[in-house]
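Biologist: Please pick one part of this model and take me through it closely. Begin with confidence, then work outward to the surroundings.

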Amino acid sequence: MTRTRKLSQDKVVNIVFHIIAILMIIAVIYPLWFVIIASFSNPADVASGKVWIWPKVIDVRGYEKLFEQTQLWRSYLNTIIYTVVGTAFALVVNITAGYAMSRKDLPGKKLLNTFYIVPMFVSGGLIPTYVVVKNFGLLDTFWVMVIPFAVSTYNIIVARTFFQNSLPESLWEAAQIDGCSTLRYFFGFAVPLSKAVIAVIGLWTAVGHWNSWFNALIYLQNEDLIPLQLLLRRILISNESLLGAATGTMAQELRQLSDMMKYGSIVVSTLPIMMLYPFLQKYFNQGVMIGAVKG
Amino acid sequence: MKKNKIQLLILLAPSAILLFCFAYLPMFGIIIAFQNYSPGLGILGSKFVGFKNFLQYFKSYQFGVTIKNTLVISLYSILVGFPLPILLALMCNQMKTKMFKKTFQVITYLPHFISTMVMCGLVLIFLSPSTGLFANIARLMGKEFPNIMAQASAFKHVYVWSDIWQHLGWDSIIYLAALSGIDPTYYEAATVDGATTMQKIRYIDIPMIMPTAMVLLILRAGSILGIGFEKVFLLQNVQNILSSEIISTYVYKMGMQSMQYSLSTAIGLFNTVVNVVVLLLVNFMAKKFTESSLF
């Protein structure tokens, strides 16, 4: 008797869980879907609440206007370059450090550990950092987006943990007996054997670069250098119309076009990452696990 | 052997040099906080004024406001953002249908990859009182939708709940990882003993994820005055500034817009010091009352 009651109680719990899950899926998917259909809809229909599940009429003027903006292409290209070069540079810097920190025979290991951990919690702050970057002559250059903030202690710890756990000590000892030096071992064995952790850290860094804008806001003035996210700030947040000013009935139409461009720019900037994501999800998850090991 | 040590240091050099230049050199720049700094005179030429800048901040009207807003938003974030991912993971872990569970996970992780800029754009577009999605839904039900972004009192809700929408799924991964490590025989034994789903969650799952939860709680509590600058900065406007001016946005405004370099640095330093003290304090308490701690 109690047994069946428990079973039916479990059934109810299971159903409730699934209902909550379905509601959550809708809550996540619908806003994203709405952005896509709104970007293809007539702006007047969107504003007056006639678009819910599918565009009433397909209208691509927003995209046409958006793609006419040379600024968009320029900043898009900038972001791609920053992401590619920045990620490559960060990988070199952080993976080498992670490997060195994983070795037991690293001289002054305790001190070095502190040296790497302290910046995680203490920083000079906005103005002192700005002064330093300026004194290095990096202000308003391509390199300011790549070099100064490439070191990530967190990623170094993740790499170190990975090297410690998955490269057996005996492999290094054997290589050493055969006369292999540290550098040769690093490039010949350690790197090829740690593609997983390199992929994970690379992906994190790439997403970070793709989405970043604050450093650009502080350190870049040159219009030709600004990344996509900063252009999005003008379109989405500051409400600047890229189409210029107009009066009367033209103004109304321009405002609607700007609204379309907002939806369109969200789609154009976010789609690449969203499309890649399901294929890369495996690596992202792995990354969280690798990162969690240290806790 | 000496050669290996030198090579290890060579591997470490790039990151160490970068950290020294862009993390440690700015720390010396903290001196600016105790000066009446002017860029023309430089750090060496500017006059020392002791704690004048700190006192100016402590006595100012902005002191109370920024501290209060930072704490309110931060505590609210923890209060909601800490337990919800745990509940989600517990629920997800009990789902029987593999396919559904997988789909659910992939979809709820998706918003995590939206950039802060686009996220804030989405919030502004959806909450627009004239053309937004929420306004259209409200109109459907015959109600008028208020201009939420212009209400100071609503800012914290917008901030916290949009964060939940974006990161809830992702934040649950780490708990799901901990849960997937549970020995299946526990559940089998519990089933034989007639335990219900809820009882399994209560007596197996929750105790098993407590250590992970504690570490994450310490980390969050440690950065209580360090909530993200980006989102608050992008969402704030003249109308909601009373509840949206936090310490870091104030540091930015003083430093980059009002050119009060010394005052800005002093406030930033104050923030860092409080952060480190809180982190150490929380860590100490956690060590005392539970078994888990960071260091």
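Modeller: Chain A has a mean pLDDT of 88, and 93% of its residues reach 70 or more. Here pLDDT is the predictor's confidence in each residue, on a scale from 0 to 100. Within chain A, confidence is lowest in helix H13 (residues 249-293), at a mean of 78. It is highest in helix H4 (residues 70-102) of chain A, at 96. Helices are DSSP runs of H or I with at least four residues, strands are runs of E with at least two, and both are numbered from the N terminus. Chain B averages 91, with 98% of its residues scoring at least 70. Among the elements of chain B, helix H2 (residues 42-45) has the lowest mean, 86, and helix H3 (residues 52-59) the highest, 96. The model as a whole scores ipTM 0.89 and pTM 0.90.

Two notes on reading it. This is a predicted model, in which local features need pLDDT of at least 70 and side-chain atom pairs count only at 80 or more, while totals for chains, interfaces and linings use all residues. Residues are numbered from 1 along each chain as its sequence is written, and chains are lettered from A and ligands numbered from 1 in the order in which they are written.

The part I pick is helix H14 of chain B. H14(B) is mostly covered, with eight of its eleven residues buried. Buried means that 20 or more other C-beta atoms lie within 10 Å of the residue's own; exposed means 12 or fewer, partly exposed is in between, and C-beta atoms are placed from the backbone. The buried residues begin with Ile247(B), Ser248(B), Thr249(B) and Tyr250(B). Val251(B), Tyr252(B), Met254(B) and Gly255(B) complete the list. The cover includes H6 of chain A, along with H4, helix H12 (229-235) and H15 of chain B.

Just after H14(B) comes Met259(B), with a positive phi of about 60 degrees. Met259(B) is not a glycine. It sits in the loop between H14 (247-257) and helix H15 (261-289) of chain B. Met259(B) counts as exposed because 12 other C-beta atoms lie within 10 Å.

Take H4(B) next, one of the helices in that cover. H4(B) (residues 61-81) and helix H9 (residues 155-180) of chain B have axes that come within 10 Å and cross at roughly 35 degrees. Axes are lines fitted to C-alpha atoms, for helices over the stretch in contact, and angles run from 0 to 180 degrees between N-to-C directions. The crossing is right-handed: the near helix is turned clockwise from the far one, whereas in a left-handed crossing it is turned anticlockwise by less than a right angle. From H4(B), the contact uses Val72(B), Ile73(B), Tyr76(B), Ser77(B), Val80(B) and Gly81(B). H9(B) supplies Lys156(B), Tyr159(B), Val160(B), Asp163(B) and Ile164(B). Contact means C-beta atoms, placed from the backbone, within 7 Å. Seven of these residues are nonpolar, two polar and two charged. Nonpolar covers Ala, Val, Leu, Ile, Met, Phe, Trp, Tyr, Cys and Pro; charged covers Asp, Glu, Lys and Arg; the others, Gly among them, are polar.

Elsewhere in chain B, Asn93(B) belongs to helix H5 (residues 83-94). It counts as partly exposed because it has 19 C-beta neighbours inside 10 Å. Leaving out residues up to four places away in sequence, Asn93(B) touches Leu176(B), Leu179(B) and Asp205(B). Asp205(B) is 112 residues away in sequence, yet the C-alpha atoms are 9.0 Å apart. Ile206(B) lies in helix H11 (residues 197-222) of chain B. Its C-alpha is 8.0 Å from that of Leu90(B), 116 residues away along the chain.

Now the chain A side. The contact between the chains takes 76 residues from chain A and 71 from chain B. Helix H1 (residues 2-39) of chain A gives the largest share of the chain A side, 15 residues. That side divides into 50 nonpolar, 18 polar and eight charged residues.

H6(A), which helps cover H14(B), leads into a loop that holds Asp140(A), between H6 (126-135) and H7 of chain A. Phi of Asp140(A) is also positive, near 60 degrees, in a residue other than glycine. Asp140(A) is exposed, with 12 other C-beta atoms within 10 Å. Helix H7(A) (residues 153-166) has 14 residues. From first C-alpha to last it reaches 20 Å, close to the 20 Å expected, where the expected span is 1.5 Å times one less than the number of residues. Its buried residues include Ile156(A), Ile157(A), Phe162(A) and Phe163(A).

Notes. Contact = placed C-beta atoms within 7 Å.
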